[in-house]
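Got your viewer open? Let's go through this one stop by stop, selecting as we go.

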Amino acid sequence: RGFEATGEVDVCLNHFTDLSEANATYFGGVRDAAALSSGCRESTAPDPPCYEEALFKRRSVGLIRAHDAARPLFLFHAFHALHTPLQVPRHYLAAAAAAAAPFRFDDESRWTYSALARYMDDTVAALVGALKERGMWSSTLFAFASDNGGPIYRPGGANNHPLKGGKYSDWEGGVRANAFLAGGALPPAAAGTAYDGLFSVADWYSTFCELAGEDPADLEAQQANEWLRARRLPQLPPVDGVSHWAALSGRSAPPRSEVHLSSQALLVARGRALYKIVTGEQPYSRWTGSVYPNCSAPAAGPGVQQPLFADLRVLGRRLSVSADPHEEAALTWQQDCGAAGCLFDVASDPSEHADLSDALPALRAELASLLADRNRGNFAPRRGVSSLRACAEGVRNGGYYGPFVDVASAYSPSPPATAAQRERDAAYLL
């Protein structure tokens with residue numbers, strides 16, 4: 001990991017490096033070819049230089065240490081850890097095994113996932129330590145957040161017990177994510193408390209804007225809308241997020257009353273209740289035990305102890321795990337809530353065991369109508385198709401996969417290719 005793209009098998013066959021750097025004199029792929037080589041994959045060091053997360057950690061810690069502590073700093077450290085492909089330095093696999101002793105992991109994915117969590121924890125400690133060294137922690141708001149629930153499909157390795165489902169589903173195991181705030185800028189009254197307001201990932205932007213004294217409105221989109229309106233084209237929507245800073249500071253009630261989870265699910269606060277409607281086919285529609293995955297996990301099919309991945313794509317095309325729809329539903333633990341939907345109160349029933357559809361049919365119909373209304377406002381522009389030109393440009397730039405339209409003079413010269421690299425590139429472009 002760290003020298004190959006981390007997405008699906010794409011039009012370039014997932015071959016190129018996707019790490020880039022830019023400064024006043026350079027724009028292109030990461031130039032330290034030795035650090036990104038495969039020579040250190042078998043290293044037992046905690047931070048082998050070929051490991052992507054080690055590169056990110058060094059860069060973030062370096063930015064903090066070089067920063068003028070008298071000036072504000074916004075730093076976004078985006079982990080790729082706890083995400084497939086599950087790869088971690090051998091040092092952390094050994095540390096995870098030692099921490100679990102005298103018990104043993106009976107699932108390799110769970111073992112690696114646990115080791116990744118330890119690596120991430122150590123990275124957070126390094127970032128916090130750097131902030132404290134610079135005397136910046138007392139004025140820092142440190143936000144830690146996940147973007148979704150853990151993947152319970154093979155080989156995801158996560159466990160969302162006692163919640164139902166996981167990533168790629170609209171069940172609470174897929175959409176209820178962990179988050180916390182820390183640092184000296186956190187209001188004292190908020191320290192050690194739990195925030196029970198509805199919070200969307202889009203709300204971080206608006207909250208940070210308020211802290212920085214900036215208007216979160218997308219002014220460029222507003223200007224573009226004038227041009228779009230004149231040509232009767234679809235408008236760019238306003239920013240979805242709302243600021244929670246006043247609520248987090250204890251000065252107001254939580255500002256959000258609903259979250260449009262997806263085109264198939266909506267969450268709405270009504271008094272003490274938090275009603276959720278889930279529609280259509282949902283993968284990973286089961287509950288996992290407190291220890292999962294394990295050798296006694298409910299079988300999705302013959303010899304399958306975990307569900308299979310439901311969104312496999314190769315070259316942009318979705319591949320089904322079975323030609324038989326019924327078998328595919330079984331292999332991916334699918335549940336069909338239909339167009340009318342399943343209804344839950346996740347405030348009193350966060351594990352979604354009690355479907356309230358029959359008890360509250362009018363409410364279910366109301367929320368289904370509200371979901372349909374929200375879906376009409378979805379922003380889903382046509383994003384074009386994959387182009388082989390990106391692959392050719394990547395070869396020309398030393399294997400860096402990036403922008404490829406009108407970039408003839410945009411990239412800095414890449415390091416000279418070795419004879420083996422030239423041979424590989426020639427074959428790749430056949």
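**Stop 1: helix α5**

Start with the buried residues of α5, which pack against β3, β4 (179-182) and α7 (245-248). Packing here is a matter of contact, meaning heavy atoms within 4.5 Å. Helices (H or I, at least four residues) and strands (E, at least two) are DSSP runs, numbered from the N terminus. Before you click further: this is a predicted model, where local features need pLDDT of at least 70 and side-chain atom pairs count only at pLDDT 80 or more, while totals for chains, interfaces and linings use all residues. Residues are numbered from 1 along each chain as its sequence is written, and side-chain values use heavy atoms, with hydrogens and water left out.

Select residues 203-212 to get α5; its buried residues are Asp203, Trp204, Ser206, Thr207 and Cys209. Buried means under 20% relative accessible area, exposed means over 50%, and partly exposed is in between (1.4 Å probe, protein chains only). Step just past α5 and you hit glycine 213, with a positive phi of about 75°.

**Stop 2: aromatics**

Keep tryptophan 204 selected: its relative accessible area is 16%, so it counts as buried. Now add Phe74, Phe199 and Phe208, and you have one aromatic cluster together with Trp204. Rings of Phe, Tyr and Trp (its six-membered ring) pair if their centres lie within 6.5 Å; planes under 30 degrees apart count as stacked, over 60 as edge-to-face and the rest as tilted. By this rule the count comes to 16 aromatic pairs.

Next, pick tyrosine 168 and phenylalanine 309. How far apart are they, centre to centre? The distance is 5.2 Å, with 75° between the planes, an edge-to-face pair. Tyrosine 168 is in the loop between β3 (142-145) and α4 (172-175), and phenylalanine 309 is in the loop between β8 (281-282) and β9 (313-314), so the pair ties together parts 141 residues apart in sequence. Tyrosine 168 is partly exposed at 41% relative accessibility, and phenylalanine 309 is partly exposed at 24%.

Then go back to the cluster for phenylalanine 199 and tryptophan 204: centres 4.7 Å apart, planes at 55°, so this pair is tilted. Phenylalanine 199 is partly exposed, at 25% relative accessibility.

One more ring: show lysine 164 and tryptophan 171. The charged end of lysine 164 sits over the ring of tryptophan 171, 3.8 Å from its centre (the rule: NZ of Lys or CZ of Arg within 6 Å of the ring centre and within 35 degrees of the ring normal).

**Stop 3: α2 against α3**

Select 90-100 (α2) and 108-133 (α3): their axes come within 8 Å and cross at roughly 105°. Axes are lines fitted to C-alpha atoms, for helices over the stretch in contact, and angles run from 0 to 180 degrees between N-to-C directions. α2 and α3 are therefore roughly perpendicular to each other (65 to 115 degrees; under 35 is roughly parallel, over 145 roughly antiparallel, and the rest oblique).

Stay on α3 and pick threonine 123. Buried or exposed? Threonine 123 is buried, with a relative accessible area of 1%. Skipping neighbours within four places in sequence, threonine 123 touches Lys57, His77 and Phe79.

**Stop 4: leucine 363**

Finish in helix α9 (residues 361-376), where leucine 363 lies. Leucine 363 is buried, with a relative accessible area of 13%. Leaving aside neighbours within four places in sequence, leucine 363 is in contact with Arg270, Tyr275 and Leu343.
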